[in-house]
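Take a look at the chain below. The walk-through starts from one residue and works outward.

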Amino acid sequence: MPRNLFEDVVFTIVMASVMVYGMIVYNVSLNTGSLDPVCFVAPLSELPIMVPVAFCLEMFMVGKLAKGIVFSLLHMERHPRYITVAISICICLIMCPLMSLVAMLLFKEVHSFSMWLRIWITNLPMALILQLCFVGPLVRKGLRAFQSIKRPDNMVGMDV
């Protein structure tokens, strides 16, 4: 997990970008009824809109809320993997309805409670699968690799 603000910001940007891309690919494939190359290119036009929204929600609201909920239910003595999985699930359970609402308002012609509920219910299983099985582990592994990079001896202790 991130150890400082810089790592937290980078981690959140990468996580939000990959999750948003994956979810848009999923929704495009649902809308077209296939998973052809268009499904992987079409999301690129929505990324500049949806990634900043996801980043801001996660960084300034959802992350803190999810951690607060998890730490009120689990004790800090629990194995770190339990806490990581619990936070990931909690973030999905909060982000999915919020991002479904944003997507509906920006990209759907119909704006209704039933439309929002349909999008949310359709997206939640995929968001959980992506987060728990693919994106979360991949991005956390990348963060651990980033954290393990050692500075050259002549730069130890220097802020670069």
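Leaving aside neighbours within four places in sequence, which residues is Ala 127 in contact with? The model is a predicted one, and in it Ala 127 is in contact with Met 19, Met 23, Cys 92 and Cys 96. Ala 127 itself sits in helix 5, which covers residues 113–148. Its relative accessibility is 6%, so Ala 127 counts as buried. The cut-off for that label is under 20%.

Step back to the overall fold. The protein has five helices and zero strands. Along the sequence the pattern reads α-α-α-α-α. The C-alpha trace spans about 60 × 40 × 25 Å along its principal axes. There are 160 residues, and buried residues make up 36% of them. Now consider contacts between residues at least 6 apart in sequence: 64% of these join residues at least 24 apart.

Next comes the interior. In soluble globular proteins, nonpolar side chains tend to be buried together. Here the largest nonpolar core has 23 residues, and Val 20, Met 95 and Met 99 touch the most other members. Three elements give two or more residues to this core: helix 1 (5–32), helix 3 (47–73) and helix 4 (80–107). Helix 4 supplies the largest share, with nine residues. A second core is separate from this one and has 13 residues, among them Met 23, Cys 92, Leu 124 and Ala 127. Ala 127, the starting point, thus belongs to the second core. Two of its contacts, Met 23 and Cys 92, are also included in that core.

Return to the largest core and take Val 20. This residue is in helix 1. Is Val 20 buried or exposed? Its relative accessibility is 8%, so Val 20 counts as buried. Beyond four places in sequence, Val 20 touches Leu 47, Met 50, Val 51, Ala 54 and Met 99. The Leu 47 contact bridges 27 residues of sequence, with the two C-alpha atoms 7.2 Å apart. Met 99 gives the view from the other side. With the same exclusion of residues up to four places away, Met 99 touches Val 20, Met 50, Val 53, Ala 54 and Leu 57. Met 50 and Ala 54 appear in the list for Val 20 and in the list for Met 99.

How far apart are Ala 127 and Val 20? In sequence they are 107 residues apart, and in space 9.4 Å, C-alpha to C-alpha. Val 20 is a member of the largest core, while Ala 127 is in the second.

Aromatic side chains add another layer. Four aromatic pairs turn up in a search of the whole structure. One of them is Phe 55 with Phe 60: the ring centres are 6.4 Å apart and the planes meet at 85°, so the pair is edge-to-face. The cut-off for that class is over 60 degrees. The two partners differ in burial. Phe 55 is buried, at 17% relative accessible area, whereas Phe 60 is exposed, at 57%. Elsewhere, Phe 113, Trp 116 and Trp 120 form one aromatic cluster.

Now the surface. The protein exposes about 10,200 Å², and carbon and sulfur atoms supply 71% of that area. Its charged side chains number 12 positive and 9 negative. The centres of these two sets lie 8 Å apart.

Glu 109 offers a contrast to the interior. This residue lies in the loop between helix 4 and helix 5. Its relative accessible area is 83%, so Glu 109 is exposed. Glu 109 and Tyr 26 are 83 residues apart in sequence, and their C-alpha atoms are 19 Å apart.

To retrace the route: Ala 127 is buried at 6%, Val 20 is buried at 8%, and Glu 109 is exposed at 83%.

Notes. Residues numbered from 1 in each chain as written. Predicted model: local features only at pLDDT ≥ 70, side-chain atom pairs only at ≥ 80, totals over all residues. Heavy atoms only, no water. Phe/Tyr/Trp six-rings, centres within 6.5 Å; stacked < 30°, edge-to-face > 60°. Buried < 20%, exposed > 50% of the residue type's maximum accessible area, 1.4 Å probe, protein only. Core = buried A, V, L, I, M, F, W, Y, C linked by side-chain atoms within 4.5 Å. Helix = DSSP H or I, 4+ residues; strand = E, 2+ residues; numbered from the N terminus. Contact = heavy atoms within 4.5 Å. Areas by Shrake-Rupley, 256 points an atom, 1.4 Å probe, with all protein chains shown as cover. Lys, Arg positive; Asp, Glu negative; His and termini not counted. Charge placed at Lys NZ, Arg CZ, Asp CG, Glu CD.
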